[in-house]
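Hi everyone, thanks for making room for me today. I'd like to walk you through one structure, so please have a look at it with me.

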Amino acid sequence: MNIVITGANRGLGLGFVRHYLEQGHDVWACYRSSLVGLNEIQHKQLHTVQLDVSQDFIAADLDLPERIDVLINNAGIYGPYGEQDLASMTSAAMLDVFNVDCIGPLRVVQQLQSRLIKAGGTIANISSKMGSSGDNGSGGTYAYRAAKAGLIIISKSMAIDLKPLGVAVITLHPGWVSTDMARQSGLIDVQTSVAGMVQVMGHIHDYDVGAFVAFDGQVIAF
Ligand SMILES: NC(=O)c1ccc[n+]([C@@H]2O[C@H](COP(=O)([O-])OP(=O)(O)OC[C@H]3O[C@@H](n4cnc5c(N)ncnc54)[C@H](OP(=O)(O)O)[C@@H]3O)[C@@H](O)[C@H]2O)c1
């Protein structure tokens with residue numbers, strides 16, 4: 001299969017790259033500006049592509065496959081740590097996080113949808129339980145919560161719009177994973193999260209269209 005992953009140079013994105021290469025697939029690993037962890041992998045089925053999801057782009061300008069079986073919209077930012085409460089949240093930070101976490105996956109799908117349709121492919125949008133209104137018991141974290149909530153809604157529309165065209169879309173919560181974003185203090189490691197999310201994607205048709213599902217298969221209300 002041809003797999004495209006955004007934000008693939010570290011953290012969960014790099015975990016997805018390793019997983020799919022081990023399974024024998026061709027992987028197009030997209031990175032914002034630095035290859036970092038991708039430099040450690042020597043594999044003939046690994047292709048690296050510079051792609052900053054915060055910017056508009058044209059797919060034809062990038063070295064991506066004509067048929068895409070799986071797209072993982074993984075790239076994301078948390079925004080300023082300790083400055084997302086009601087008093088300190090700035091408009092600029094809100095817009096930055098929204099641009100990457102919410103509009104980023106939309107940009108990518110707009111550009112790559114025809115290639116996913118050709119393959120009858122699958123899209124996984126990586127959101128967060130932090131974007132669930134029902135799960136919000138502690139308030140705060142305005143930018144990250146709002147952007148990830150927006151992504152869940154956008155992802156559901158994509159799921160509805162692309163289903164008749166043969167493309168399945170799911171929104172995923174990776175769990176609390178030890179990556180840079182979680183300051184390496186998550187509850188699970190990258191391998192556990194990635195293996196779980198891949199398993200969920202393998203059962204995508206068992207879930208409602210546009211469902212929001214955690215790495216352990218549990219459906220999350222949003
Ligand atoms: N870790 C968790 O517990 C957790 C929980 C819920 C959801 N998530 C979500 O899971 C996804 C992956 O997170 P992670 O934990 O692996 O975080 P991470 O270690 O901080 O990695 C984030 C990745 O996104 C990339 N990225 C950021 N801005 C980008 C842009 N404008 N264009 C392209 N790539 C960009 C980063 O690239 P650079 O190296 O260039 O910055 C990096 O590769 C994110 O969407 C995150 O919100 C994570």
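Let's begin with Arg-115: is it buried, exposed or partly exposed? It has 19 C-beta neighbours inside 10 Å, and being buried takes 20 or more, so Arg-115 counts as partly exposed. Keep in mind that what you see is a predicted model.

You'll find Arg-115 in helix 2, which covers residues 91–119. Which residues does Arg-115 touch, leaving aside those up to four places away in sequence? They are Pro-65, Glu-66, Arg-67 and Ile-68. If you'd like a distance to try on your screen, take the C-alpha atoms of Arg-115 and Val-169, which are 14 Å apart. Along the chain, 54 residues separate the two.

Now let's zoom out. The protein chain has four helices and seven strands. Reading from the N terminus, their order is β-α-β-β-β-α-β-α-β-α-β. For the chain, the radius of gyration is 16 Å, and the globule rule gives 17 Å for 222 residues; these are close, so the chain is as compact as a globular protein of that length. Along its principal axes, the C-alpha trace spans about 50 × 40 × 35 Å.

How much of the protein chain is buried? Buried residues come to 41% of the 222. And if we take the contacts with a separation of 6 or more, 66% of them join residues 24 or more positions apart.

Next, helix 4, residues 190–202. Its 13 residues reach 18 Å from the first C-alpha to the last, close to the 18 Å expected at 1.5 Å a residue. Which of its residues are buried? Val-190, Ser-193, Val-194, Met-197 and Val-200. Looking down the axis of helix 4, you'd see these buried residues fall within an arc of 125°, so they line one face of the helix. They pack against helix 1, strand 5, strand 6 and strand 7. Turn to the other side of helix 4, and you meet Gln-191, Gln-199 and Gly-202, which are exposed.

Met-197 brings us to another residue, Asp-216. The C-alpha atoms of Asp-216 and Met-197 are separated by 7.4 Å, with the two residues 19 apart along the chain. Asp-216 sits in the segment after strand 7, and it counts as partly exposed because it has 14 C-beta neighbours inside 10 Å.

Now the ligand. How many residues surround it? There are 30, and the closest are Gly-7, Gly-11, Ala-75, Gly-76 and Thr-179. Helix 1, residues 11–22, gives the largest share of this shell, with three residues. By type, the shell divides into 12 nonpolar, 14 polar and four charged residues.

Last, a bit about backbone angles. Most residues other than glycine have a negative phi. Here are two residues to look at with that in mind. Val-36 is not a glycine, yet it has a positive phi of about 35°. Val-36 lies in the loop between strand 2 and strand 3, and with 14 C-beta neighbours inside 10 Å it counts as partly exposed. Gln-184 also has a positive phi, near 60°. Its place is in the loop between strand 6 and helix 4. Why does Gln-184 count as exposed? Because it has 9 C-beta neighbours inside 10 Å, and 12 or fewer is the cut-off for exposed.

That's my tour, thank you for listening!

Note on methods
Residues numbered from 1 in each chain as written. Predicted model: local features only at pLDDT ≥ 70, side-chain atom pairs only at ≥ 80, totals over all residues. Helix = DSSP H or I, 4+ residues; strand = E, 2+ residues; numbered from the N terminus. Rg over C-alpha atoms; globule rule 2.2 N^0.38 Å. Contact = placed C-beta atoms within 7 Å. Near = placed C-beta within 6 Å. Nonpolar A, V, L, I, M, F, W, Y, C, P; charged D, E, K, R; others polar. Expected span 1.5 Å × (residues − 1). Arc of directions from axis to C-beta.
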